[in-house]
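Please open the structure in your viewer and keep the selection tool at hand. The tour proceeds by selecting a few residues at a time.

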Amino acid sequence: MSEKEKPKYGKFVEGAEQLSLGISMVVAVVIGVGVGLLLKNLFGYAWLLWLGVFWGIAAAFLNVKKAYDKQKKELDALKDDPRYKHADKNYDEEDDDKY
């Protein structure tokens, strides 16, 4: 998509996507705790609450992994971009002194 075709609020949408990761983590844990409480009250076993908490935390980590994979895929696509071909592949912090 060229610069002319990008939506006017493209940066806002990109920021909202990043914010949604944090929100989805919280929501996943809350839903897991809710399911755990429901199962605990329904069946009377206290460990079912902790099972729900575990499910929520696992879902939150899964959301982080999905976001990481998406960002990694976008970064890998930039490696083949001709705009960044001039970048030094063996960059070192000591090279900063040269410039």
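Is Asp69 buried, partly exposed or exposed? Select Asp69 in this predicted model. Its relative accessible area is 36%, and a residue counts as buried under 20% and as exposed over 50%. Asp69 is therefore partly exposed.

**The partner of Asp69**

Next, add Lys65 to the selection. The side chains of Lys65 and Asp69 form a salt bridge, with 2.7 Å from N to O. Both residues belong to helix H2 and stand four residues apart, which means that about one helical turn separates them. Lys65 has a relative accessibility of 49%, so Lys65 is also classed as partly exposed.

**A second salt bridge**

How many salt bridges does a search of the whole structure find? The search finds two. To view the other pair, select Lys72 and Asp76, whose side chains meet at 3.4 Å, N to O. Asp76 and Lys72 are likewise four residues apart in helix H2, and therefore about one helical turn lies between them. Asp76 is partly exposed because its relative accessibility is 32%. Lys72, at 37%, is partly exposed as well.

**Along helix H1**

Now select residues 10–43, which make up helix H1. Does the length of H1 agree or disagree with the expected span? The helix has 34 residues, and at 1.5 Å a residue these should span 50 Å. The C-alpha atoms at the two ends of H1 are 48 Å apart, which agrees with that expectation.

Within H1, colour Gly10, Ala28, Gly32, Gly36 and Leu39, for these residues are buried. Display helix H2, residues 47–79, beside them. H2 is among the elements that cover the buried residues of H1. Then move to Gly44, just after H1, where the phi angle is positive, about 85 degrees.

**The second largest pocket**

For the last stop, select Glu17, Gln18, Ser20, Leu21, Ser24, Lys66, Ala67, Lys70 and Gln71, which line the second largest pocket. This pocket holds about 160 Å³ of space. Which helices supply at least two residues each to the lining? They are H1 and H2. The largest share, five residues, comes from H1.

Finally, colour the lining of this pocket by residue type. Two of the lining residues are nonpolar, four are polar and three are charged.

Key
Residues numbered from 1 in each chain as written. Predicted model: local features only at pLDDT ≥ 70, side-chain atom pairs only at ≥ 80, totals over all residues. Heavy atoms only, no water. 1 Å grid on protein atoms, 1.4 Å probe; cavity = no way out; pocket = protein on both sides within 12 Å on 5 of 7 lines; lining within 4 Å. Points joined across faces, edges and corners; volume = space filled by probe spheres on them. Nonpolar A, V, L, I, M, F, W, Y, C, P; charged D, E, K, R; others polar. Expected span 1.5 Å × (residues − 1). Buried < 20%, exposed > 50% of the residue type's maximum accessible area, 1.4 Å probe, protein only. Contact = heavy atoms within 4.5 Å. Salt bridge = Lys/Arg side-chain N within 4 Å of Asp/Glu carboxyl O.
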